[in-house]
Amino acid sequence: MDDYFRVKGFGGQRKLRGRITVSGAKNSALKALAAGILFEDPIVLQNVPQIADIERTVALLTSLGADIMSLPGGYAVDTAKIGTSEIPSEIARKIRASIVMTGPLLARFGEVSFPHPGGCVIGSRPVDLFLDGFERMGAEIHYRDDRYTISARKGKLCGARIFFKNQTVTGTETFMMTAVLAEGFTILRNAACEPEIEHLANFLNASGADIKGAGTHTITIRGGRRLRANGIPFVTPPDRIETGSFLVLAALLGREVVIDQCDPSHVESVIAYLEAAGVPLSVLDATITVGVSDKPLRSLDVKTHEYPGFPTDLQAPMAVFLTQAVGEAMVFETIFEGRLAYAEELRRMGASIIPLDQHRILVKGPTPLRGREVESPDLRAGLAFLIAAMIAEGESVIRNVYNIDRGHERIEERLNAVGADIVRVKAHGVVAEEVVAA
Ligand code: EPU
């Protein structure tokens, strides 16, 4: 059995006050770990969140032969001794982001094999765009016993023109990195524009890569040689999804909460949404202060969109927001087809939610929520449940806390520091603090 959280709800009162610091972005640090494969020398990663997905990725790289040293707040990654490009199924299945290692391994060793990542709770998560891109770069694909083996026909990949039918975040990052080691030019069209992509490109360019246009829909890469970091560290940017989740939390439960060490320019869509809903925000360079209005919160439709639109990863927390706002609003999830399953649990907590189809729900508010026992289905919905449990009347139990730990470092400690009442009960039934004391 996994750890669980016991959460005392505030019964609709605002009780949070203080400063909460945003961690480094999981979805940036994961890609930087994979980028280590492109380097001749070790790279240093800083501001890395200590979360399960990072630990698994470190374990995966280590199993391939990389030397990884823990440093305060990060890692030194040396991939010089990687001796195999066979990604083990056991770890890869648990962490879909491992797909970003496939391209760099293929480009460096001329071959890679990896398991089909399979579907997950938020949707089918296909890999067709990866396979198509590898073929265009001169690779051939064999699929046997649930594993892909991909080999470069001439022993090396060549630059290519790749059009993504969907804007894919990990796809764009994978091919940007792959192209750094491929011969000649690669042009990525309809590329994703998430800020983590531009941040990664800037790091690679500082280490000798030639990437232009990252952060736009057309990225051009001139490839051909391994990179050298020469001691320049990769500094993980603040997690924009954690920032957005804390904004929602503070908008619903805060008296005055300061979200610290964030990058407000990465959450413009969320800021615009919350301001339109009546949340007073004061934005500085690296902090956002969430105040309280004497007017009730207003409902507004939410439609997820690729960056800089409203992030799919904040769709579930925003549905919780709507349960407390006045009016009726539609939540339209446009990126993934299975990302509204959490709504049923919110209904059981007392929310008024009408499912319309696989992609849309109607949320009517405000409704008081009741504490319940819920299971966290995925990382983002898990945090949404934590927020809902804090709003609710009475106590809630949140199971599958592992799903929240995958993406948020010591979440209960950080929330308790601003006034939450969350207790982690360890798998064998012992309250977390007692374990530390023992
Ligand atoms: N798609 C395809 N074919 C492919 C790949 C993707 O059709 O080969 C489709 C997907 O089915 C989806 C769309 O393209 O409809 C966009 O998916 P994308 O590839 O961008 O998702 P991802 O790269 O697998 C990353 C984040 C997710 C985040 C999405 C969307 C990482 C490790 N994961 O996933 O984050 O939801 O982008 O922004 O960067 C999370 O952190 O909890 C998480 C799920």
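## A tour from the ligand outward

Start by selecting R96 together with the ligand: in this predicted model, a polar side-chain atom of R96 sits 3.5 Å from one of the ligand's oxygen atoms. Next, add R380 to the selection, where a polar side-chain atom is found 2.7 Å from an oxygen atom of the ligand. Then select L129, and show its backbone this time, since a polar backbone atom of L129 lies 2.9 Å from an oxygen atom of the ligand.

With the ligand still in view, how much of its accessible area does the protein cover? On its own the ligand has 830 Å² of accessible area, and the protein covers 90% of this. To see which elements contribute to the shell around the ligand, colour helix 1 (26-35), helix 5 (128-136), helix 6 (169-181) and helix 12 (379-391), each of which gives two or more residues to that shell. There are 25 residues around the ligand, and those that come nearest are D128, T168, T170, D313 and I335. If you colour the shell by residue type, you should find 10 nonpolar, six polar and nine charged residues.

Now leave the ligand and select helix 9 (residues 268-276) along with helix 10 (residues 315-323). A pair of packed helices is described by the angle between the two axes and by the distance between them. Here the axes are 13 Å apart and the angle is about 5 degrees; angles under 35 degrees count as roughly parallel, and helix 9 and helix 10 are therefore roughly parallel to each other. To look at the contact itself, show the side chains of V270, Y273 and L274 in helix 9, which meet M318, F321 and L322 in helix 10. The residues of this contact comprise six nonpolar, no polar and no charged ones.

The remaining stops are in loops, where the backbone deserves a careful look. Select Y307 and P308 to find a cis peptide bond with omega near 10 degrees; P308 belongs to the loop between strand 17 (302-303) and helix 10. Move on to G365 and P366, which are also joined by a cis peptide bond, with omega at about 0 degrees, and note that P366 is in the loop between strand 20 (360-365) and strand 21 (373-375). Finally, select N47 in the loop between strand 3 (43-46) and helix 2 (52-64), where phi is near 55 degrees, a positive value in a residue other than glycine.

Definitions and conventions. Residues numbered from 1 in each chain as written. Predicted model: local features only at pLDDT ≥ 70, side-chain atom pairs only at ≥ 80, totals over all residues. Heavy atoms only, no water. Axes fitted to C-alpha atoms, helices over the stretch in contact; angles between N-to-C directions. Helix = DSSP H or I, 4+ residues; strand = E, 2+ residues; numbered from the N terminus. Parallel < 35°, antiparallel > 145°, perpendicular 65-115°, else oblique. Contact = heavy atoms within 4.5 Å. Nonpolar A, V, L, I, M, F, W, Y, C, P; charged D, E, K, R; others polar. Near = heavy atom within 4 Å. Polar contact = N/O pair within 3.5 Å; in protein donor to acceptor, adjacent residues only side chain to side chain. Areas by Shrake-Rupley, 256 points an atom, 1.4 Å probe, with all protein chains shown as cover.
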